[in-house]
Structures are given as C-alpha cells and as structure tokens.
Amino acid sequence: MPALTMEQVLTLDAHQVYTVEPKRTLFTLERIRKEFFQEELGELMQGITEASSKAAAISHLSKKYAQFIAMQFYMLTAYDEIWDGNERDLQFDVTEVNGVFTVCMFANPNDWRYVQEGDRASVMKWILWKQCYEIIQALRNTTSISPKVLWDNLFVQLTITYAKLLEDPMLADRAMDDLEMLESAEVWSIFTDHSLYLDYTKGRAPQDLVGQPIRKSCCLSKDIPGVGECGYCPLAN
C-alpha cells in the first residue's frame, strides 16, 4: 500500500475523510448494509441533525458520503490511487460544522492502493456498483426516499470534483479521460444500460454546472435546522 503524502492527506481532509482514529465509531460502511441496522440508522441521523423527517436526515447522510465518493474519483485522477479497505474500517462519527451537527468519515491511511492504467475502467465500474449503487439501495431501506435524491446528491459532488480537476492544467487531460469514462455506458453496465451521470449533466461541462440549479430533486436540506436549501435546488426561485 502506498504511503499517503501530506498533500493527499489534505485532499482527504477537504472531503471530510480523516486518517486519524475517531473518538468513537457511531457506525461503519459495513453496518449501513445490515438490514437490522437500517431503521436505527434513520432514527440516529434524524437525532443528530434534528431534521424534520428521516428522509431529510438520510439525504444529509448521503451528501456526506458523497464526499467520500468524490474523494475516490479525485484520487483516481490526481494520484492513480483509490481507497480499497474493508468496509468495517470506514468509520462514521458525529462532528459539528458551523454550529450544525453532522457526521464525518475516518479511514485507515494504509488502505489506499495504486491503480494500473489498464484497470481504470474496471475500478470505476467497481466503485459505481459496490460503493454507490449498493449503498444507495441500503439507504433507501432506512426510510421512504427517492433514489433520484440520493443519486443527485452524489452527482453534485462529482460535478464539483471534476470542475476542479479540469481547471488544473496538470490534471485536465487525465480528468477529461476519466470524465468520458464516467459518461460511458460501460462502467455502469452492472446495474443499468446507460450512464446515470450523463443523464444528470446532459453532456454539459462540469465547470458550467457548478452552482446551477440542475438537480432533478430537492435534497431536503431545507428541512434541517441551520442548513437551508442548497445552491442546486430545482425549487429555488
């Protein structure tokens, strides 16, 4: 396993993925998959966020988890590395950000690995299937929430990530290659016949979409005290 550089650690910190030991572990990515825990997860997140509904609380959790997924794609493009640890080792703990209680993630710094050039498509396919689709399905079991809300939460973070990567002259070419891969049907083929991300962007450049109300669904952040509606809300005037 490669040793993470300080620059990489700062990248993880920016996505609220930390490589230190958490003070406690509320739950893990592995536990999110467990049916017996999923109802409790909705209640736990509603208690942490004081959201008016479980759906708003779970949407909020998925937005935090989307930062982990965005980190995966950023690290793949920028460093040819991904997190490849055991799901029980991706831990969630409560934290306070700008006076609002939320959750952040903790990972073992030894759980990143290099990705060979010829493996990029298969790695991207694996992330979309195991870490995106399957986790979204698990979160849907916690309460009544549209999959569109959860996917849109993910795509907002991916759009921000690729916009940043494409602005970096040292990374732009590789970012464009990875973006084109993400927009292809092949890497989505395990669970759908087309790119859900391309459905979201309609082929528009990430730089043109940042901050624009292009969501198809409301993320329900307006139903969490101290948060308010996001800048991508389709309900915004």
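In this predicted model, D80 counts as partly exposed, at 27% relative accessibility. D80 sits in the loop between α4 and β3, the latter spanning residues 81–83, and its phi is positive, about 60 degrees, although D80 is not a glycine. Most residues other than glycine have a negative phi. A second residue of this kind is K202, a residue other than glycine whose phi is near 55 degrees; K202 belongs to the loop between α8 and α9, and with a relative accessible area of 60% it is exposed.

A positive phi also appears in the turn of a hairpin, where N98 has a value of about 55 degrees and 2 residues lie between β4 and β5. The two strands of that hairpin, β4 and β5 (residues 100–106), pair in the antiparallel sense over 7 bridges, and within this pairing V94 has V103 of β5 as its bridge partner. Strand β4 (residues 91–97) is also joined, again antiparallel, to strand β2 (residues 27–28), here by 2 bridges, and F27 finds its bridge partner in F92 of β4. In a regular strand the side chains alternate between the two faces of the sheet.

The cysteines can be taken next, beginning with C104, which is buried at 5% relative accessibility. The count of disulfides comes to 0. For C104, the closest cysteine sulfur is that of C219, and because the two sulfurs are 19 Å apart, they are too far from each other for a bond, given that a disulfide requires sulfur atoms within 2.5 Å. C132 is likewise in no disulfide, the nearest cysteine sulfur, again that of C219, being 18 Å away. C132 is buried too, with a relative accessible area of 2%.

C132 leads on to the interior space of the model, since it is one of the residues that line the largest cavity, together with others including S62, Y65, I135 and L150. Three elements, α4 (54–79), α5 (120–140) and α6 (147–167), each give two or more residues to this lining, and the largest share, 5 residues, comes from α5. By class the lining has 9 nonpolar and 2 polar residues, with no charged ones. The space inside amounts to about 70 Å³, and the count of cavities of 30 Å³ or more comes to 1.

The largest pocket holds about 470 Å³ of space. Its lining comprises 19 residues, of which H60, K63, K64, Q67 and V227 are the closest to its centre, and the elements that give two or more residues to this lining are α4, β5 and α6. By class, 7 of the lining residues are nonpolar, 9 are polar and 3 are charged.

Helix α7, finally, covers residues 172–182, and its buried residues are A172, A175, D178, L179, M181 and L182. An α-helix has 3.6 residues a turn, so residues three or four places apart point the same way. The cover over the buried residues of α7 includes α4, α5 and α6, as well as α8 (196–201) and α9 (206–209). Helices α4, α5 and α6, which contribute to this cover, are also the elements that give two or more residues to the lining of the largest cavity, while α8 and α9 are the two elements on either side of the loop that holds K202.

Terms used:
Residues are numbered from 1 along each chain as its sequence is written. This is a predicted model: local features need pLDDT of at least 70, side-chain atom pairs count only at pLDDT 80 or more; totals for chains, interfaces and linings use all residues. Side-chain values use heavy atoms; hydrogens and water are left out. Two strands pair if DSSP finds at least two bridges between them. Helices (H or I, at least four residues) and strands (E, at least two) are DSSP runs, numbered from the N terminus. Buried means under 20% relative accessible area, exposed over 50%, partly exposed in between (1.4 Å probe, protein chains only). On a 1 Å grid over the protein atoms alone, a cavity is a set of points where a 1.4 Å probe fits but cannot get out, and a pocket is an open set with protein on both sides within 12 Å along at least five of seven lines; lining residues have an atom within 4 Å of a point. Grid points are joined across faces, edges and corners, and a volume is the space filled by probe spheres set on the points. Ala, Val, Leu, Ile, Met, Phe, Trp, Tyr, Cys and Pro count as nonpolar, Asp, Glu, Lys and Arg as charged, and the others, Gly among them, as polar. Contact means heavy atoms within 4.5 Å.
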